[in-house]
Amino acid sequence: MIGDVSPPVASIPVVDGNEELKKPQNLLPPFSKVVSHFGTSGVSVALATGVTHPLDVLKVRLQMQHVGQRGPLIGMTETFLQLIKNEGPRSLYLGLTPALTRSVLYGGLRLGLYEPTKFSFDWAFGSTNVLVKIASGAFAGAFSTALTNPVEVVKVRLQMNPNAVAIAEVREIVSKEGIGALWKGVGPAMVRAAALTASQLATYDEAKRILVKQTSLQEGFHLHLCSSVVAGVVSTLITAPMDMIKTRLMLQQGSESTRTYRNGFHCAYKVVRKEGPLALYKGGFTIFARLGPQTMITFMLCEKLRSLAGLHKM
């Protein structure tokens, strides 16, 4: 169970003779528990992001190869060597500040909202089966991304421009493209986040349940490790094409009349038509190399932080 955010407990009348007393209501968890619940989620995602950020930079560079045309693709190793040679080692941490900012906000909301949403579905439908877990994860991911999309746009722009500064980049985007440009790619980003959170959290939740039931594994390091590996593989396979489309939309500039892609579906269509179906998985290995370890670090660290904060296990 993630956190200690439990459904409301209604007051129950207690009759003692002719007197009716009411037990105190406990409609909301203590504020400190809420802070710990979302805080541990945000911190664990931010630390995992910091460790895997160089792979995120490489992923973006790989996804922007041969835009609008077919051609031989260079791999992660060659991209890494070119980046170090042309822009220096610091280029591997381009966009780190907005990435960490987004991780705390987006990660805290994405993981933090999953359990309360699952409780709500349980209260409404009387079930917490795998479909409920998928729906809970999808809602948490989509809602969190809708709020934090501007930070993601700035992060991606900075990763493609080694000389850019975050505040200056925001001003330039707003002045040249309008404030709505900060929500470029929000549609595919929400779809990706919904799929990512649903696949990560629902898979992790179910993997833990099945492993505990079918194997000798118990709550602890090895169970968390095995479950997070499964979650990382599943989420990468599902979200890689959405991630590529999101990146393309966020990086295109200019007015609506001059843009290459009108929306996510149009982007996917043009990519498949002009670059081939496998182009949807450009940077796919890098996505797994980043998302796999990030998923493992996030879940294992989150479990530990929740234990230290006196919260329930995920």
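A nonpolar core, as used here, is a set of buried Ala, Val, Leu, Ile, Met, Phe, Trp, Tyr and Cys residues joined through side-chain atoms within 4.5 Å. Buried means under 20% relative accessible area, exposed means over 50%, and partly exposed is in between (1.4 Å probe, protein chains only).

This is a predicted model, where local features need pLDDT of at least 70 and side-chain atom pairs count only at pLDDT 80 or more, while totals for chains, interfaces and linings use all residues. Residues are numbered from 1 along each chain as its sequence is written, and side-chain values use heavy atoms, with hydrogens and water left out.

**The whole chain**

Let's start with the overall layout. The chain has ten helices and two strands; these are DSSP runs numbered from the N terminus, with helices being H or I of at least four residues and strands being E of at least two. Reading from the N terminus, the order is β-β-α-α-α-α-α-α-α-α-α-α. Of the 314 residues in the chain, 46% are buried. About 15700 Å² is exposed, and carbon and sulfur atoms supply 65% of that (Shrake-Rupley method, 1.4 Å probe; for residues, only the protein chains shown count as cover). A contact means heavy atoms within 4.5 Å. Among contacts in the chain with a separation of 6 or more, 76% are between residues 24 or more positions apart.

**The core and Ala189**

The largest nonpolar core has eleven residues: Val60, Val153, Val154, Val156, Leu158, Ile173, Ala181, Leu182, Ala189, Met250 and Leu251. Helices α5 (130–160) and α8 each supply at least two of its residues, and α5 gives the most, with four. Now pick out one member, Ala189. Not counting neighbours within four places in sequence, Ala189 is in contact with Thr145, Asn149, Lys246 and Met250.

Lys246 in that list sits in helix α8. Is Lys246 buried or exposed? Lys246 counts as buried because its relative accessibility is 3%. Beyond its neighbours within four places in sequence, Lys246 is in contact with Glu152, Gly185, Pro188, Ala189 and Arg192.

**Around helix α7**

Thr197 lies in helix α7 and is buried, with a relative accessible area of 0%. The Thr197 side chain makes a polar contact of 3.4 Å with that of Arg110; a polar contact is a pair of N or O atoms within 3.5 Å, and within protein one must be able to donate a hydrogen and the other to accept it, while residues adjacent in sequence count only if both atoms are side-chain atoms. Leaving out residues up to four places away in sequence, Thr197 touches Tyr106, Arg110, Gly137, Ala140, Gly141 and Ala202.

Leu211 is in helix α7 too. Leaving aside neighbours within four places in sequence, Leu211 is in contact with Leu217, Leu223, Cys226 and Ser227. One of those, Leu223, is twelve residues from Leu211 along the chain, with 7.4 Å between their C-alpha atoms.

**Two glycines in α1**

Gly50 is in helix α1 (residues 31–63), and Gly42 is in helix α1 as well. The contacts below leave out residues up to four places away in sequence.

| Residue | Relative accessible area | Contacts |
|---|---|---|
| Gly42 | 2%, buried | Ser103, Val104, Gly107, Gly108 |
| Gly50 | 23%, partly exposed | Tyr93, Leu96, Leu100 |

Gly50 and Leu96 are 46 residues apart in sequence, yet their C-alpha atoms are 7.4 Å apart. For Gly42 and Thr101, the sequence gap is 59 residues and the C-alpha distance is 9.5 Å.

**Helix α9 and the cysteines**

How far apart are the end C-alpha atoms of helix α9? They are 16 Å apart, which agrees with the 16 Å expected for the twelve residues of α9 (residues 264–275) at 1.5 Å a residue; the expected span is 1.5 Å times one less than the number of residues. At the start of α9, a side-chain oxygen of Asn263 comes within 3.1 Å of the backbone nitrogen of Phe265. After α9 comes Gly276, with a positive phi near 95°.

The buried residues of α9 are Gly264, His266, Cys267, Ala268, Lys270, Val271 and Glu275, and they pack against α7 (186–214) and α8 (221–251). Cys267 has a relative accessible area of 0%, whereas Cys226 is partly exposed at 34%. The structure holds zero disulfides (a disulfide being a pair of cysteine sulfur atoms within 2.5 Å).
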